[in-house]
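Let's take a walk through this protein together, with the sequence in one hand and the fold in the other. We will start with a gap in the interior and then visit the places that a database record marks out.

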Amino acid sequence: MRLVVGVSGGSGMPYALSILRALSSLDVETHLVVSSGAKRVMSMEGGPQLSDLTELVHTVHDDRDLGASIASGSYRTAGMLVVPCSAGTLAKIAHGFADNLLSRAAHVTLKERRPLVLVTREDPLPRPMLQNMLLAHDAGASLMSASPGFYHAPKTVDELLHFVTARVLDQFGLEAGDFKRWGEA
């Protein structure tokens with residue numbers, strides 16, 4: 001399986017790291033594209049850095065390279081996820097504004113009717129963001145909030161991150177392993 005993973009400038013880089021670790025353990029071929037905004041947030045948050053993400057993937061693409069393989073519908077992938085998905089990236093995707101590789105790859109994913117999962121993290125949600133969520137949904141994207149559940153009785157931050165990771169991977173038919181689902185022992 002080949003997936004495109006976009007990381008945009010919303011706070012929440014630990015979610016990206018958790019998902020990339022899970023994909024790496026599943027031996028999924030991952031193509032990573034990180035926006036300039038994400039790089040700035042990484043440096044400000046002091047959490048996972050670019051090198052932490054890139055060491056887990058097969059291919060890293062420059063966000064300015066609109067000629068990259070993932071910018072074409074003829075390059076087959078099983079879909080794409082954007083985690084975290086900033087409000088600005090959501091707006092670009094919702095309106096088909098493909099001015100960088102991340103938004104172009106998302107556009108191609110929708111065009112080819114492949115799964116596109118956008119993991120937002122911002123709160124509260126202003127009306128324009130809600131409208132953009134509806135537009136992205138109507139275009140074929142799945143929207144998820146980086147909001148973990150608590151029925152699995154998490155004891156660590158990693159367990160909270162794993163909850164979101166498992167739910168995102170569900171969208172691609174992948175098992176995150178060691179995920180306690182509702183109603184399961």
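Begin inside, with the largest cavity, whose lining is made up of Val 4, Ile 70, Ser 72, Tyr 75, Thr 77, Ala 105, Val 108, Thr 109 and Arg 114. Keep in mind as you look that this is a predicted model. Rolling a probe the size of a water molecule over the atoms shows where empty space is left. Here, one cavity of 30 Å³ or more is counted, and the space in the largest cavity comes to about 40 Å³. Which helix gives the most to that lining? Helix H5, residues 101-111, does, with three residues. Sorted by class, the lining has five nonpolar residues, three polar ones and one charged one.

From the cavity, let's move to Ala 68, in the loop between strand E3 (59-61) and E4. Is Ala 68 buried or exposed? With a relative accessible area of 7%, Ala 68 is buried, because the cut-off for that label is under 20%. Apart from its neighbours within four places in sequence, Ala 68 is in contact with His 61 and Leu 101. For a sense of scale, Ala 68 and Ser 24 are 44 residues apart along the chain, and their C-alpha atoms are separated by 22 Å.

Now for the annotated positions. In an unreviewed entry, UniProt places a "binding site" feature at Gly 9, Gly 10, Ser 11, Ser 35, Ser 86, Ala 87, Gly 88, Thr 89 and Arg 121. Two of these residues are worth a stop. Gly 10 sits in the loop between strand E1 (2-7) and helix H1 (13-25), and a relative accessible area of 6% makes Gly 10 buried. If residues up to four places away in sequence are not counted, Gly 10 touches Val 41, Pro 84 and Ser 86. Ser 86 is itself one of the positions in that UniProt feature. Ala 87, by contrast, belongs to helix H4, residues 87-95, and is partly exposed at 25% relative accessibility. Beyond its neighbours within four places in sequence, Ala 87 is in contact with Glu 122 and Met 129.

The unreviewed UniProt entry also lists Tyr 151 and Arg 167 under "binding site". They span 17 residues in sequence, yet their C-alpha atoms are no more than 13.7 Å apart, so they gather at one spot. Tyr 151 is in the loop between E6 and H7, while Arg 167 is in helix H7. Tyr 151 counts as partly exposed at 38% relative accessibility, and Arg 167 counts as partly exposed at 32%. Leaving out residues up to four places away in sequence, Tyr 151 touches Phe 163, Phe 179, Lys 180, Arg 181 and Trp 182. With its neighbours within four places set aside, Arg 167 is in contact with Met 144 and Phe 179. Phe 179 thus appears in the contacts of Tyr 151 and of Arg 167.

That brings us to helix H7 itself, residues 157-170. At 1.5 Å a residue, its 14 residues should span 20 Å, and the C-alpha atoms at its ends are 20 Å apart, which agrees. Which residues of H7 are buried? They are Leu 161, Phe 163, Val 164, Thr 165, Ala 166, Val 168 and Leu 169. The elements that cover these buried residues include H1, strand E4 (80-85), strand E5 (116-120) and strand E6 (142-145).

Conventions: Residues numbered from 1 in each chain as written. Predicted model: local features only at pLDDT ≥ 70, side-chain atom pairs only at ≥ 80, totals over all residues. Heavy atoms only, no water. UniProt positions renumbered as here; feature names shortened; annotations may be inferred. Helix = DSSP H or I, 4+ residues; strand = E, 2+ residues; numbered from the N terminus. Buried < 20%, exposed > 50% of the residue type's maximum accessible area, 1.4 Å probe, protein only. Contact = heavy atoms within 4.5 Å. Expected span 1.5 Å × (residues − 1). 1 Å grid on protein atoms, 1.4 Å probe; cavity = no way out; pocket = protein on both sides within 12 Å on 5 of 7 lines; lining within 4 Å. Points joined across faces, edges and corners; volume = space filled by probe spheres on them. Nonpolar A, V, L, I, M, F, W, Y, C, P; charged D, E, K, R; others polar.
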